[in-house]
Amino acid sequence: MKITSSLLKKRFFLGIIGFLLIGLCLLSCKKDKADEPREADVYVAGYAGNGSTEIATVWKNGAVVSATGNSHYANAFSVFVSGADIYMAGFEYNGTKKVAKCWKNGIEIFTTDGSQNAHITTIHVSGMDVYLGGYEVNSSNKGIGKVWKNGTEIFASSSTQNGNINALVVSGADVYAAGNESEGSLTVAKCWKNGTIAFSMQKSVFSDIFISGADVYVAGYEYNGAKNVAKVWKNGTVVFNTDGTKDANANSVFVAGADVYVGGYESNRAKLWKNGAALTLEGLTESNESSVESVAVLNGNVYTCGIESHEEDNLESYAKIWVNGKVATLAGGADGKDAMAYAVFVVTK
């Protein structure tokens, strides 16, 4: 067939159009890919019901990877991942008492003696060292806030007042712990550094702690005489607070660069704030009580876990996780409900 100049021009023109379309498609694909969360493994600690009891559970990307047995009531309040190892901490009921426990890859590595109620609220792994924080009731029936390192107690709050360690973090050679302790009729929030009080706040509770460089951020609430006010303190100075007209609590704080993320609740509704401004959390029903329990940030993506109680389902609790505000319900028990999520930990795949 004879190819005319007009046909060549037509083919050339079509080729240019095709090239441009391919280029636009590639640019669009790159943009879509950039908008997606980068690959990460998301670990969540809590419990899942099996129809007869609650089982301490860790989910990885929505699937169960670590859980206690099916016979004893147990909860996991904290999870920490170090290399290939998954640490889960909380308690397991022995028939008469709650026994504080820590599991590594599903194997128990720490336990209190079971003679008194105790539980682990928080865990931090630094190199080969495993730090645990929580409480243990003493012979005078006082709950004593404690920190253990590799199974050995290294700090305890007053033996005459009730206390608890709600969060801890290790930065270099320093161990920071946050919690609360009773002083007479008052509940006093306290932040300890290497066992010494760094700062405290009356009529308050410290729920979480985060270290960013030389700065210490603590989240919790302070009672204003009528309501609990959610607050974050930076080196002892308030840098975030709700307006005090509704009961609120800051359960978690995470600092990423110049941005401060706070998770908690206000008027029994889950809240996530960034630099003081509320962010949208999808999939929540206004009539259901809910709470953000933990927040973590990785590569610009915000991972949040918490709880929603479904009013239409006899207040059954559902463990939930949000990624950049979009919700996914974690698997619960055999019927897909009766679960809670207390802590989220995120690592790059």
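## A buried salt bridge

E181 is buried, its relative accessible area being 6%. In this predicted model, the side chain of E181 forms a salt bridge with that of K190, with an N to O distance of 2.6 Å. K190 has a relative accessible area of 7% and is buried as well. Both ends of this bridge therefore fall on the buried side of the cut-off, since buried means under 20% relative accessible area.

## The chain as a whole

The protein chain has 1 helix and 28 strands. Of its 349 residues, 48% are buried. The accessible surface of the chain amounts to about 16,900 Å², and carbon and sulfur atoms account for 51% of that surface.

Contacts give a view of how the chain is connected along its sequence. When contacts between residues at least 6 apart in sequence are considered, 33% of them join residues at least 24 apart.

## E92, K101 and their network

The bridge between K190 and E181 belongs to a structure in which a full search finds 13 salt bridges. Another bridge joins K101 to E92, where the closest N and O atoms are 2.9 Å apart. The side chains of E92 and K101 are also joined by a polar contact of 2.9 Å. K101 has 13% relative accessibility and counts as buried. E92 counts as buried too, at 10% relative accessibility.

E92 is placed in strand β5. Leaving out residues up to four places away in sequence, E92 touches T68, H72, Y73, A74, K97, K98, V99, K101 and W103. The salt-bridge partner K101 is thus one of the residues on this contact list, as is Y73, which returns below in a ring pair.

## A bridge between distant parts of the chain

Where are the two partners of the salt bridge between K326 and E282 placed in the chain? The side chains of these residues meet with an N to O distance of 3.7 Å. K326 lies in strand β27 (residues 326-329), while E282 lies in the loop between β23 (277-278) and β24 (290-298); the pair links distant parts of the chain, 44 residues apart.

Are the partners buried or exposed? K326 is exposed, with a relative accessible area of 53%. E282 is partly exposed, with a relative accessible area of 38%. Elsewhere, E92, K101 and E108 are joined into one network by salt bridges that share partners.

## Aromatic pairs

The structure contains 11 aromatic pairs. One of them is formed by Y73 and F91, whose ring centres are 5.3 Å apart; the planes stand at 75°, so the pair is edge-to-face. Y73 sits in the loop between β3 (63-67) and β4 (74-82), and F91 in strand β5 (residues 85-93), so the pair ties together parts that are 18 residues apart in sequence. Y73 is partly exposed, with a relative accessible area of 30%, whereas F91 is buried at 2% relative accessibility.

Y73 and F91 are also part of a cluster, in which ring pairs link Y73, F77, F91, Y93 and Y342. The ring of F91 has a charged group over it as well: the charged end of K98 sits there, 4.9 Å from the ring centre. K98 is also among the residues that E92 touches.

Strand β5 holds both E92 and F91. E92 contributes a salt bridge with K101, and F91 contributes the edge-to-face pair with Y73.

## Positive phi in two loops

Most residues other than glycine have a negative phi. Which loop holds N150? This asparagine lies between β10 (143-149) and β11 (152-156). N150 has a positive phi of about 50°, although it is not a glycine. With a relative accessible area of 44%, N150 is partly exposed.

N299 also has a positive phi, near 55°, in a residue other than glycine. N299 is placed in the loop between β24 and β25 (301-310). At 39% relative accessibility, N299 counts as partly exposed. The strand β24 that precedes the loop of N299 also bounds the loop that holds E282.

Definitions and conventions
Residues numbered from 1 in each chain as written. Predicted model: local features only at pLDDT ≥ 70, side-chain atom pairs only at ≥ 80, totals over all residues. Heavy atoms only, no water. Salt bridge = Lys/Arg side-chain N within 4 Å of Asp/Glu carboxyl O. Buried < 20%, exposed > 50% of the residue type's maximum accessible area, 1.4 Å probe, protein only. Helix = DSSP H or I, 4+ residues; strand = E, 2+ residues; numbered from the N terminus. Phe/Tyr/Trp six-rings, centres within 6.5 Å; stacked < 30°, edge-to-face > 60°. Lys NZ or Arg CZ within 6 Å of the ring centre and 35° of its normal. Contact = heavy atoms within 4.5 Å. Areas by Shrake-Rupley, 256 points an atom, 1.4 Å probe, with all protein chains shown as cover. Polar contact = N/O pair within 3.5 Å; in protein donor to acceptor, adjacent residues only side chain to side chain.
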